[in-house]
Structure formats: C-alpha cells, structure tokens
2 protein chains.
Amino acid sequence: MPVRNKCCEQWLHGKFKGCGYKVTTGRQAILDILHKANKHLSAEDIYLKVHNIYPAAGLTTVYRTLEILEKMGMIYKFDFGDGRARYELSEGEKGENHHHHLVCTNCNQVVDYTDFIDKEVKLLKETERELSKKYNFSINNHLIQFYGLCEKCKSK
Amino acid sequence: MPVRNKCCEQWLHGKFKGCGYKVTTGRQAILDILHKANKHLSAEDIYLKVHNIYPAAGLTTVYRTLEILEKMGMIYKFDFGDGRARYELSEGEKGENHHHHLVCTNCNQVVDYTDFIDKEVKLLKETERELSKKYNFSINNHLIQFYGLCEKCKSK
DNA sequence: TTTGCAAATGACAACCGTTTTCATTATGAA
DNA sequence: TTCATAATGAAAACGGTTGTCATTTGCAAA
C-alpha cells in the first residue's frame, strides 16, 4: 500500500476531487513511480514497476491513469519516435524542472537539458505572444527537441 | 503515368541511384503528391491520392517509399498526436520553406508558420552548437511545435 | 533490343501499442 | 455502515504500421 505522506495525500485528494476523480491505490502508485523516475517511462515501464509494489494493477489502469493525469496537466506525453509514448511529470508551479530534449535518432536515448533554457524560453514567450495574436490561438505549451546522433552512435 | 518533366526525372534518378534505390512509377507518383500537397499528409492520405493517378499502388508501397524518402532526408515525419504519422517534403538546399508548427490539441489542425523563424533559427543554431559540444551529439535537426486551441475550438 | 537478376511491388497476415467492453470491486459521501 | 457511482482487471477489439512471399519491374550489360 504505497502512500508517501499524509500531506501529499491530502493535496492529491483535493486535486483529484476538483477534477471529479477519486484517489485510488493504483493511481497513487503510478504517481509514486513517476515521482521517483528520472527517465521518460513508457506505459509498459510504468506497468512493470507498479506491478512490483502493487501487483493487482493492470496495464489498462496504467493507460487510463496516464490519460487523466495528462488531462489534469500533471504529466506530459512525448513521442521520441520509437513507437511508444513516454511520460514525465510536468514541472511545478514556478516552472522549476522545465527542460527540453536531445534525442538520438539511432538508439533513441534522450537527454534532458536545462542549459540555455532561459534564453530559449524568453524568445519562446515572445514568439508565443505574437503567434497567438496572429493566428488566434490560445497557446499553452510548447515542444522543443533536437535530433542527432549520440556519442556512441556517432562513432559507428 | 505521372511524370512531371525530364529534368526532374534525371535529377531523381541521380539522387535515388546515389542512395542505391531505383526510380519507379509508384515512387514518382508519391513524390508528386507530396510536392502538390500543401498540408501534412498521412500515409493513408497519400495512398488514396496516389491510387487516383496510379491505381496499381498499394498502401505497403506508400509506407516503404515514405521510409526511404525519410532515410534520404527528402521528407520529414511528424507526430501531431492523432495516432498517425504525417509527412512533408523537407526544405530545399538553402532552407527555404523552413517552418515550425502550431498545433490545436482539440481538432488537430496544424498551422505552419514562418513568422519569427529567423530569430528562432538564429538562437537554435547557437543552442545547437553549445549542446553538441556539451553532450557530444552531432545534431542535424530540430522540432519546434506550439500547442494550444485554435480559434474555433477556443470559443467552445 | 533483349536478357538477367536484384530490387520493388501488392495482397495479405502479423504485429504491437493502445482503447473498448463488461462484469466485478473499491471509493467516499451520506 | 450503506449505497450510488466511479474505477478496475481481463480479454477482446482496434488501427496504424511492418513483415512475408510469390510475382513483377527497372535498368545495366550484352
């Protein structure tokens, strides 16, 4: 029964209730995994890990939970080109942990980088403002990825 | 028998031969479609259009051709989040036609924008240089997409 | 032009990540 | 504790994409 601490659980209940969802053992376990993970996990990655600490959980529930977490804005879903979606916790209130991706097109390794983010984000905000005016979009997210070959794959 | 002009065909033969591929009617038809298309086509979109001008072509061939065109760097493959890949011709030698995407997360409409590209690309080049040094990647592409709600979906 | 052979093709099946279905179980408000 | 309702697991269905294999085609060499 993987529950971290009361404070967090309270907060979770509030957040979930606000969106019309219930807090269940499975959902807590999945959030737990995502908090601990330092990589970009696929649904199956998560399923296998959840299964360790809470064997009753099924793959379907993992998919369903990821879907509502994304809808709630608590996680982001990425496509790195290997045919399965990857998930990671979204950054906190103040945008801490915000990063972009560097993807190896050969081995699919993904590097999170935060370097140069400030300059990038500044320009992005500006672009965002101009684009939303010109095209009448309300923009609420962006995706930046660089593609190339990592050190290993380069030397082959 | 969809062949545009001799010059182009010559050039194609050279390009394909250089990569060890043959120029076939189906491949020419698919390139034709991509040239004429002003939208981001899915494999099935292309299949249906090719089927009109060259009914012998099958969906498998479309996928195989798209695969080699991507490998040759002649087209880019995108994921806009609707469960199927989208394809478009890559920009020319001098980067003309380079653009980024504005994606509606509700109706999946995609707007290509070239506004502000210059400033963006300048910063990107710089970032690219620094990232490749720091992480030992050889970077050869980037993806920038903004997500939000288009005019129609916003007002609902 | 003809020939020969490797590459390309189409029909169809297989694949595999994801979603749906449905009967059962768990949550949380009363 | 009770109860309506949301959440769940197992299994089947789904759908975009890839693999298989017998046949056809492109094209270089004769």
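The surface near DNA strand D in this predicted model has 6 nonpolar, 9 polar and 7 charged residues. That makes 22 residues around the strand, and Thr24(A), Ala56(A), Thr61(A), Tyr63(B) and Arg84(B) come nearest. On the DNA side, sugar and phosphate account for 69% of the strand D atoms that come within 4 Å of the protein.

Look at individual contacts next. Thr24(A) places a polar side-chain atom 2.6 Å from a phosphate oxygen of DNA strand D. Gly58(A) uses its backbone: a polar atom there is 3.1 Å from a phosphate oxygen of the strand. Arg64(A) reaches a base. One of its polar side-chain atoms lies 2.7 Å from a base nitrogen of DNA strand D. Three helices give two or more residues each to this surface: α4 (59-71) of chain A, and α1 (6-18) and α4 (59-71) of chain B.

Now turn to the two protein chains. In chain B, 37 residues are in contact with 37 residues of chain A. The chains bury about 3,600 Å² between them, with 65% of it on carbon and sulfur atoms. There are 4 salt bridges between chain B and chain A. One of them joins Asp115(A) to Lys134(B), with the closest N and O atoms 2.5 Å apart. Polar contact links 18 residue pairs across the chains, both residues at pLDDT 80 or more.

On the side of chain B that touches chain A, β6(B) gives the largest share, 12 residues. By class, this side divides into 18 nonpolar, 8 polar and 11 charged residues. Strand β6 (residues 138-149) of chain A pairs with β6(B) in the antiparallel sense, over 11 bridges. Within this pairing, Leu143(A) stands opposite Gln145(B).

Definitions and conventions. Residues are numbered from 1 along each chain as its sequence is written. Chains are lettered from A and ligands numbered from 1 in the order in which they are written. This is a predicted model: local features need pLDDT of at least 70, side-chain atom pairs count only at pLDDT 80 or more; totals for chains, interfaces and linings use all residues. Side-chain values use heavy atoms; hydrogens and water are left out. A residue is near a molecule or strand if one of its heavy atoms lies within 4 Å of it. A polar contact is a pair of N or O atoms within 3.5 Å; within protein, one must be able to donate a hydrogen and the other to accept it, and residues adjacent in sequence count only if both atoms are side-chain atoms. Helices (H or I, at least four residues) and strands (E, at least two) are DSSP runs, numbered from the N terminus. Ala, Val, Leu, Ile, Met, Phe, Trp, Tyr, Cys and Pro count as nonpolar, Asp, Glu, Lys and Arg as charged, and the others, Gly among them, as polar. Contact means heavy atoms within 4.5 Å. Buried area is the accessible area (1.4 Å probe) that two parts lose on being put together, summed over both. A salt bridge is a side-chain nitrogen of Lys or Arg within 4 Å of a carboxyl oxygen of Asp or Glu. Two strands pair if DSSP finds at least two bridges between them.
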